[in-house]
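Hi everyone, thanks for coming. I'd like to walk you through one structure today, going from the strands to the helices and then on to a few single residues.

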Amino acid sequence: MNFEISHHNSFVLVKSKVEKLDVNTSSDLKAELVLLNKKGNNSFVLDLSATKYCDSSGLSSILMANRLCKDSSGEF
């Protein structure tokens, strides 16, 4: 798995384990975040400390996560 998910009291921590958040990995991130949001989670912390590169598809995933949280009155 490219992302490690851990649930905390008021948020879900999504930790990237990939060096490049690009077209090959961003769809996995989107899928994880949409699934978590559909399960009722609306506040996420995204840890990109292991990620050294992000292209436009990776940025799109991050912006989508922000929109999911905002639309469900959560925080990103």
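Before anything else, please keep in mind that this is a predicted model. Let's begin in the sheet, with strand β2, residues 12–16, which pairs with β4 in the parallel sense over 4 bridges. Two pairs of residues help to place that pairing on your screen. Leucine 13 stands opposite valine 45 of β4, and valine 12 has phenylalanine 44 as its bridge partner in β4.

Now look at the other partner of β2. β1 and β2 are paired in the antiparallel sense, over 5 bridges, and a hairpin of 4 residues joins β1 to β2. Here, serine 6 is the residue that stands opposite leucine 13 in β2.

Put those pairings together and what is the strand order of the open sheet? The order is β1-β2-β4, so to speak a row of 3 strands with mixed pairing. The edge strands are β1, residues 3–7, and β4, residues 44–47, each of them pairing on one side only. On average, neighbouring strands in this sheet are turned by 15° against each other, ignoring direction.

Stay with β2 for a moment, and look at its side chains. Which of them are buried? They alternate along the strand: Val12, Val14 and Ser16 point to one face and are buried, while Leu13 and Lys15 point to the other face and are not buried.

Next, the helices. Helix α1, residues 26–38, packs on the sheet and touches β1, β2 and β4. The direction of α1 makes about 20° with that of β1.

α1 also has a helix to pair up with. As a reminder, two packed helices are described by the angle between their axes and the distance between the axes. For α1 and helix α2, residues 56–71, the axes come within 9 Å and cross at roughly 10°. An angle under 35 degrees counts as roughly parallel, and α1 and α2 are therefore roughly parallel to each other.

Who makes that contact? On the α1 side we have Ser26, Leu29, Lys30, Leu33, Val34 and Asn37. On the α2 side we have Ser57, Gly58, Ser60, Ser61, Met64, Ala65 and Leu68. By class, the contact of α1 with α2 has 6 nonpolar, 6 polar and 1 charged residues.

Let me pick one of those residues, serine 26 in helix α1. Is serine 26 buried or exposed? Its relative accessibility is 5%, and because buried means under 20%, serine 26 counts as buried. Leaving aside neighbours within four places in sequence, serine 26 is in contact with Leu21, Ser57, Gly58 and Ser61.

On to the core. In soluble globular proteins, nonpolar side chains tend to be buried together. In this model, the largest nonpolar core has 13 residues, and those with the most contacts inside it are Val14, Leu29, Leu33 and Phe44. β2, α1 and α2 each supply at least two residues of this core, with the largest share, 5 residues, coming from α2.

Valine 14 is worth a click. Not counting neighbours within four places in sequence, valine 14 is in contact with Phe3, Glu4, Ile5, Leu29, Leu33, Leu36, Phe44, Val45, Leu46 and Asp47.

Last stop, the segment after α2, where we find serine 73 and glycine 74. Most residues other than glycine have a negative phi, and most peptide bonds are trans. Serine 73, though, has a phi near 60°, a positive value in a residue other than glycine. Serine 73 is also exposed, because its relative accessible area is 69% and the cut-off is over 50%.

And where does glycine 74 sit relative to phenylalanine 44? The two are 30 residues apart in sequence and 8.1 Å apart in space, C-alpha to C-alpha. Beyond residues up to four places away in sequence, glycine 74 touches Asn42, Ser43 and Cys69.

That's my tour, and I'm happy to take questions.

Conventions: Residues numbered from 1 in each chain as written. Predicted model: local features only at pLDDT ≥ 70, side-chain atom pairs only at ≥ 80, totals over all residues. Heavy atoms only, no water. Pairing = 2+ DSSP bridges. Axes fitted to C-alpha atoms, helices over the stretch in contact; angles between N-to-C directions. Contact = heavy atoms within 4.5 Å. Parallel < 35°, antiparallel > 145°, perpendicular 65-115°, else oblique. Nonpolar A, V, L, I, M, F, W, Y, C, P; charged D, E, K, R; others polar. Buried < 20%, exposed > 50% of the residue type's maximum accessible area, 1.4 Å probe, protein only. Core = buried A, V, L, I, M, F, W, Y, C linked by side-chain atoms within 4.5 Å.
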